[in-house]
Amino acid sequence: MRYPATFTPAEEGGFVVTFRDIPEAMTQGETEAEAIFMAEDVLVFALEDYFNGKRLIPAPSKPLENDRLIALPASVAAKALLLNEMLKQRVTSAELARRMNTRPQYVSRLTKLGHPTKIDTIAVALSALGRDLDLRATPRKLVAV
């Protein structure tokens, strides 16, 4: 999952970074490299609110001409897919645990960003929801800022 970000030159120097799909994510960096690093960090930080509030995470929109694509770490992207699927199907942690033949506490950790989870485990949870985890490598679009 790669979210389009807008890098706007700041009056005081550097760049302000915003995400139209995740408006809670906003940051700034003194250099382009720092702005990219900060964008990756703030995107994950902003998604924690979606996880904690058990809210659907918006899918990335198509990038506009001057957007930069900021990728989520694979584990965060997989957890986002799991959370969204649970919410869409209205499946609780207890129900998913029953389907996976495990404890509800184990499943509730799967949708916590701060808890490390093997990606294979997330794939098993998605399978219990009738979905497959499909990780594909896609080429990056280079955009000058």
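In which sense do strand 1 (residues 2-9) and strand 2 pair, and over how many bridges? Let's begin there and work outwards; keep in mind that the model is predicted.

**Exercise 1. Describe the pairing of strand 1 with strand 2, and name the residues that face each other across the two strands.**

Solution.
- Step 1: Start with direction and count. Strand 1 and strand 2 are antiparallel partners, joined over 5 bridges.
- Step 2: Pick out individual bridges. Thr 6 has Thr 18 of strand 2 as its bridge partner, and Pro 9 is matched with Phe 15 in strand 2.
- Step 3: Look at the connection. The two strands make a hairpin with 5 residues between them. In that turn, Gly 13 has a positive phi of about 105°.

**Exercise 2. Work out the strand order of the sheet and find which strands stand at its edges.**

Solution.
- Step 1: Follow strand 2 to its other partner. Strand 2 and strand 3 (residues 26-29) run antiparallel and are joined by 4 bridges. Among the partners, Val 17 pairs with Thr 27 of strand 3, and Val 16 pairs with Gln 28 of strand 3. These strands also form a hairpin, with 6 residues between them.
- Step 2: Follow strand 1 to its other partner. Strand 1 and strand 4 are antiparallel and joined by 4 bridges; in one of these, Tyr 3 has Ile 70 of strand 4 as its partner.
- Step 3: Put the pairs together. The 4 strands form an open sheet in the order 3-2-1-4, with antiparallel pairing.
- Step 4: Read off the edges. Strand 3 and strand 4 each have a single partner strand, so one side of each is left without a neighbour in the sheet. From one strand to the next, the twist averages 35°.

**Exercise 3. Sort the side chains of strand 2 (residues 15-19) by the face to which they point, and say which are buried.**

Solution.
- Step 1: Walk along the strand; the side chains alternate between the two faces.
- Step 2: Collect one face. Phe 15, Val 17 and Phe 19 point that way and are buried.
- Step 3: Collect the other face. Val 16 and Thr 18 point there and are not buried.
- Step 4: Combine this with the bridges. Val 17, from the buried set, is the bridge partner of Thr 27, while Thr 18, from the other set, is the bridge partner of Thr 6.

**Exercise 4. Trace the surroundings of Arg 68, and decide whether Arg 68 is buried or exposed.**

Solution.
- Step 1: Locate the residue. Arg 68 belongs to strand 4 (residues 68-71).
- Step 2: Check accessibility. The cut-off for buried is under 20%; at 16% relative accessibility, Arg 68 therefore counts as buried.
- Step 3: Find a ring partner. Arg 68 lies over the face of Phe 7, 5.4 Å from the ring centre.
- Step 4: Compare sequence with space. Arg 68 and Pro 4 are 64 residues apart in sequence, yet their C-alpha atoms are 5.5 Å apart.
- Step 5: Look for another arginine over a ring. The charged end of Arg 55 sits over the ring of Tyr 50, 4.1 Å from its centre.

**Exercise 5. Characterise how helix 1 (residues 32-52) and helix 2 (residues 74-89) are arranged.**

Solution.
- Step 1: Choose the descriptors. Two packed helices are described by the angle between their axes and the distance between the axes.
- Step 2: Apply them. The axes come within 12 Å and cross at roughly 20°.
- Step 3: Classify the angle. Helix 1 and helix 2 are therefore roughly parallel to each other.
- Step 4: Add the handedness: the crossing of helix 1 with helix 2 is left-handed.

**Exercise 6. Examine the positive phi angles of Arg 90 and Asn 101.**

Solution.
- Step 1: Recall the background. Most residues other than glycine have a negative phi.
- Step 2: Take Arg 90. This non-glycine residue has a positive phi of about 55° and lies in the loop between helix 2 and helix 3 (93-100). With a relative accessibility of 77%, Arg 90 counts as exposed.
- Step 3: Take Asn 101. Also not a glycine, Asn 101 has a positive phi of about 60°. Asn 101 sits in the loop between helix 3 and helix 4 (104-110), and at 71% relative accessibility counts as exposed.

Note on methods
Residues are numbered from 1 along each chain as its sequence is written. This is a predicted model: local features need pLDDT of at least 70, side-chain atom pairs count only at pLDDT 80 or more; totals for chains, interfaces and linings use all residues. Side-chain values use heavy atoms; hydrogens and water are left out. A charge sits over a ring if NZ of Lys or CZ of Arg is within 6 Å of the ring centre and within 35 degrees of the ring normal. Buried means under 20% relative accessible area, exposed over 50%, partly exposed in between (1.4 Å probe, protein chains only). Two strands pair if DSSP finds at least two bridges between them. Axes are lines fitted to C-alpha atoms, for helices over the stretch in contact, and angles run from 0 to 180 degrees between N-to-C directions. Angles under 35 degrees count as roughly parallel, over 145 as roughly antiparallel, 65 to 115 as roughly perpendicular and the rest as oblique. A crossing is left-handed if the near helix is turned anticlockwise from the far one by less than a right angle, and right-handed if clockwise.
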